[in-house]
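Please explain how the aromatic rings, the nonpolar core and the cysteines are arranged in the structure shown here.

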Amino acid sequence: MEIEKRIAFSIEEFCSLAGIGRSLAYKEIQSGRLPTRKVGRRTLITASCANEWLDRLPDGGANAAKVAR
């Protein structure tokens, strides 16, 4: 998934685009799976980091149900 033509997103913008809640976003950030950048007090997620995070997520296809069991 290519995330628009922006270079960075706020946490709120990222959550809206990714379809996840803020608490999950912060868990991903704290775990190191979703890198961020700071500009003053603002926390930003670069588009490249957002795309890399999405690409690393497990496949949700038919095989996912077999693996989860």
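**The aromatic pair and its surroundings**

This predicted model contains one aromatic pair. A pair of aromatic rings is described by the distance of the centres and the angle of the planes. Here the ring centres of F14 and W53 lie 5.4 Å apart, and the planes meet at 70 degrees; because an angle over 60 degrees counts as edge-to-face, the pair of F14 and W53 belongs to that class.

The two partners come from distant parts of the chain. F14 sits in helix α1, which covers residues 11-18, whereas W53 sits in helix α3, which covers residues 47-56. The separation between F14 and W53 along the chain is 39 residues.

Are these two rings buried or exposed? F14 has a relative accessibility of 2% and therefore counts as buried. W53 is buried as well, with a relative accessible area of 6%. The cut-off behind both statements is a relative accessible area under 20%.

Both aromatic residues also belong to the largest nonpolar core, a set of twelve residues. Its other members are F9, I11, C15, I20, A25, L34, I45, A47, C49 and A50. Helices α1 and α3 each supply at least two residues of this core, and α3 gives the most, with four residues.

Two of the core members, C15 and C49, are cysteines. C15 is buried at a relative accessible area of 6%, and C49 is buried at 8% relative accessibility. A disulfide is a covalent bond between the sulfur atoms of two cysteines. How many disulfides does a search of the whole structure find? The search finds zero.

Definitions and conventions:
Residues numbered from 1 in each chain as written. Predicted model: local features only at pLDDT ≥ 70, side-chain atom pairs only at ≥ 80, totals over all residues. Heavy atoms only, no water. Phe/Tyr/Trp six-rings, centres within 6.5 Å; stacked < 30°, edge-to-face > 60°. Buried < 20%, exposed > 50% of the residue type's maximum accessible area, 1.4 Å probe, protein only. Core = buried A, V, L, I, M, F, W, Y, C linked by side-chain atoms within 4.5 Å. Disulfide = S-S within 2.5 Å.
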